[in-house]
Amino acid sequence: MKTLFTNGEIWCTRGTYTDAVLVESGKVIAIGHDALQASNDEVIDLGGKFLAPGFIDAHAHPLFAGRESQGPNVNGLQSVSEIVAAVRAYIANNPSAAWVIGGAYEASVIAGGDFEATSLDEASRDIPIVLHAVDHHTVWLNSKALEIAGITKATVDPDGGTIARYSDGSPKGTLREPSAIDLVLSAAPKRTLSDDVAAIAWACQRYLESGVTSATDAWVEPGMPEAYIAADKSGALTIDTNLFFLAQPDTWRSYSKDFVSFRSEIEALPSTSHLSAKTIKFICDGALSAGTAALLEPYLDDPQSTGLLIWDEDELIDAMVHFDALGFQIHAHAIGDAAIRQALNAIEAVTRVNPRWDRRPVIAHAQLIHPDDLPRFATLSVIANIQPLWTYLDPMNAQLIEPRIGTKRNNQQYQLASLQRSGARIGYGSDWPVTSHVPLDALAVPTHRSAPGSTQAWSPQESVTLEDSLVHYTQDAAFSNFWNKGVIAVGADADFVLLDQNPLKVAPEKVNKIKVLQVYLGGVPWVNS
Ligand SMILES: [Zn+2]
């Protein structure tokens with residue numbers, strides 16, 4: 001079956017358009033004149049619209065997004081009372097819920113971001129409630145959840161995590177970083193496999209509606225590979241997905257053999273499988289909004305603190321060298337300049353110790369890069385994974401981050417143009433459900449460096465072109481996951497998105513109004529069921 005796509009503006013990759021694409025067995029087999037001359041079985045008339053490679057989300061958490069959709073949704077609410085009301089309404093509609101776990105609240109709603117259990121008690125005093133903040137490094141609990149977790153004045157902060165406290169030491173109701181969050185979530189009932197398969201199916205639908213045809217799960221912990229494998233086998237996983245297994249300081253040695261055996265199991269799935277598992281995720285620090293990103297100079301609001309480095313550098317090097325030798329890609333979360341330096345140092349050590357291979361290491365978020373370290377991305381061939389929707393002065397940057405780190409450092413965030421000029425490769429990811437998974441909301445933000453649909457620029461010298469962003473969301477995102485896609489070229493996967501307008505030809509502030517008309521997976525139109 002040969003399908004010809006024609007009569008559209010067909011963007012292949014940077015600077016390259018064609019007038020026809022021929023697809024067979026999921027792959028592009030000819031473009032342009034060759035495609036028009038060859039025989040075909042079917043013609044898809046693009047009606048003059050804009051066809052591009054499908055968007056690829058190179059850093060996201062679709063399973064967490066799907067899980068969150070199964071609890072109360074508090075995204076975008078602007079006050080504590082609105083959030084509490086939403087949780088109360090959810091409990092009223094789900095009277096049998098033994099636990100309520102949802103998200104994601106905007107931490108900038110409260111100065112300093114410490115939310116109190118007593119306010120969430122107004123939703124329920126009897127049912128434990130846990131809400132994730134949008135940064136996904138922070139949770140807010142009610143008193144019942146604090147009680148079940150056994151968190152009291154006497155509880156010591158776990159390694160790498162913090163419990164927000166009143167001056168007498170008693171817990172406020174806000175926990176930061178995975179080790180602290182585990183105190184409560186380890187007490188919550190285990191989710192079932194079918195809950196998670198349904199969450200994955202839901203996430204794939206949301207992706208396809210918004211033009212995303214491949215994605216990643218950048219935080220895969222025990223229980224999640226099983227869910228993805230089950231979703232793949234049942235057909236619930238409809239888009240290509242690369243899993244990043246989470247390596248943590250206290251567990252990586254014991255989990256290593258599980259990662260290898262899950263990878264083998266995934267590689268043995270039939271050729272119709274959408275799953276791969278090429279990557280190990282390392283979390284080097286927290287988030288600037290929570291004061292947990294690791295900085296070279298102290299936080300202004302807490303001069304004793306430079307944030308949290310999750311790993312001892314030697315341990316990080318040992319872990320990265322170990323997984324790199326097993327043929328896994330390194331994907332390191334690093335936000336503060338100290339964490340970015342540590343991640344670069346560790347990756348540099350890996351390249352010295354292990355034999356050369358096409359390892360494509362990634363540093364995700366890379367928000368505050370020290371000027372001395374910026375050239376090291378290109379030198380070490382480290383891909384900077386950037387969240388395009390974050391590259392403007394949003395309320396979190398203006399109200400939570402700027403008071404903590406000062407104007408100068410705040411404005412040094414997201415040096416996209418400098419990274420590009422240095423020769424570094426940038427891949428885009430949404431970090432969904434931290435922020436929206438919709439590429440067209442985010443695509444123009446690195447160009448106008450302002451809220452979607454507006455024009456007031458933040459540090460405009462770091463602005464990049466719309467076509468740069470389109471490449472980062474397609475070709476570069478594919479490269480960073482070892483996929484032969486993200487371009488329209490002979491031999492590449494025929495995953496496409498059809499848009500009602502060419503984003504390269506409209507004003508940047510209008511890009512978020514562009515509509516997705518259709519996605520094609522392996523050349524076949526996806527039908528929303
Ligand atoms: Zn993430």
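A residue is called buried if 20 or more other C-beta atoms lie within 10 Å of its own. Keep that cut-off in mind for these close-ups of a predicted model.

**View 1. His448 is a buried residue in helix 16.** Helix 16 covers residues 445-448, and His448 belongs to this helix. Counting around His448 gives 23 other C-beta atoms within 10 Å, so this residue is buried. Which residues is His448 in contact with, once neighbours within four places in sequence are left aside? They are Thr455, Ala457, Pro508 and Glu509. For a sense of scale, pick out Phe64 as well: Phe64 and His448 are 384 residues apart along the chain, and their C-alpha atoms are separated by 30 Å.

**View 2. Asp431 and Pro433 share a loop.** Look in the loop between strand 18 (426-428) and helix 15 (439-442) to find Pro433. The peptide bond leading from Trp432 into Pro433 is cis, and its omega is near 5°. Asp431 sits in the loop between strand 18 and helix 15 too. Although Asp431 is not a glycine, its phi is positive, at about 60°. Is Asp431 buried or exposed? With 24 C-beta neighbours inside 10 Å, Asp431 counts as buried.

**View 3. Ser381 also has a positive phi.** Here the value is near 55°, again in a residue other than glycine. Ser381 is part of the loop that runs between helix 12 (374-379) and strand 17 (383-386). Because Ser381 has 15 C-beta neighbours inside 10 Å, it counts as partly exposed.

**View 4. A cis peptide bond joins Gly103 and Ala104.** Its omega is about -10°. You can locate Ala104 in strand 7, which spans residues 100-105.

**View 5. Ile200 is one of the best-connected members of the largest nonpolar core.** This core holds 174 residues, and Ile200 and Cys284 touch the most other members. Helix 11 (residues 337-353) supplies the largest share, with 8 residues. Where does the core lie with respect to domain 1 and domain 2? Both domain 1 (99-185) and domain 2 (193-513) give residues to it, so the core lies between them. Now zoom in on Ile200 itself. Not counting residues up to four places away in sequence, Ile200 touches Pro62, Leu63, Gly66, Ala227, Tyr228, Ala231, Ala236 and Leu237.

**View 6. Domain 1 meets domain 2.** The domain assignment places domain 1 at residues 99-185 and domain 2 at residues 193-513. Their centres, taken over C-alpha atoms, are 26 Å apart. Where the two touch, 13 residues of domain 1 are in contact with 14 residues of domain 2. What kinds of residues make up the side of domain 1 that touches domain 2? There are 3 nonpolar, 7 polar and 3 charged residues on that side.

**View 7. Stepping back, the protein chain has 18 helices and 21 strands.** Along the principal axes, its C-alpha atoms fill a box of roughly 80 × 55 × 50 Å. A compact globule of 529 residues would have a radius of gyration near 24 Å, and the 23 Å of this chain agrees with that. Buried residues make up 53% of the 529 residues. Among contacts between residues at least 6 apart in sequence, 73% join residues at least 24 apart.

Notes:
Residues numbered from 1 in each chain as written. Predicted model: local features only at pLDDT ≥ 70, side-chain atom pairs only at ≥ 80, totals over all residues. Helix = DSSP H or I, 4+ residues; strand = E, 2+ residues; numbered from the N terminus. Buried ≥ 20, exposed ≤ 12 C-beta atoms within 10 Å, placed from the backbone. Core = buried A, V, L, I, M, F, W, Y, C linked by C-beta atoms within 7 Å. Domains from an automatic or database assignment. Contact = placed C-beta atoms within 7 Å. Rg over C-alpha atoms; globule rule 2.2 N^0.38 Å. Nonpolar A, V, L, I, M, F, W, Y, C, P; charged D, E, K, R; others polar.
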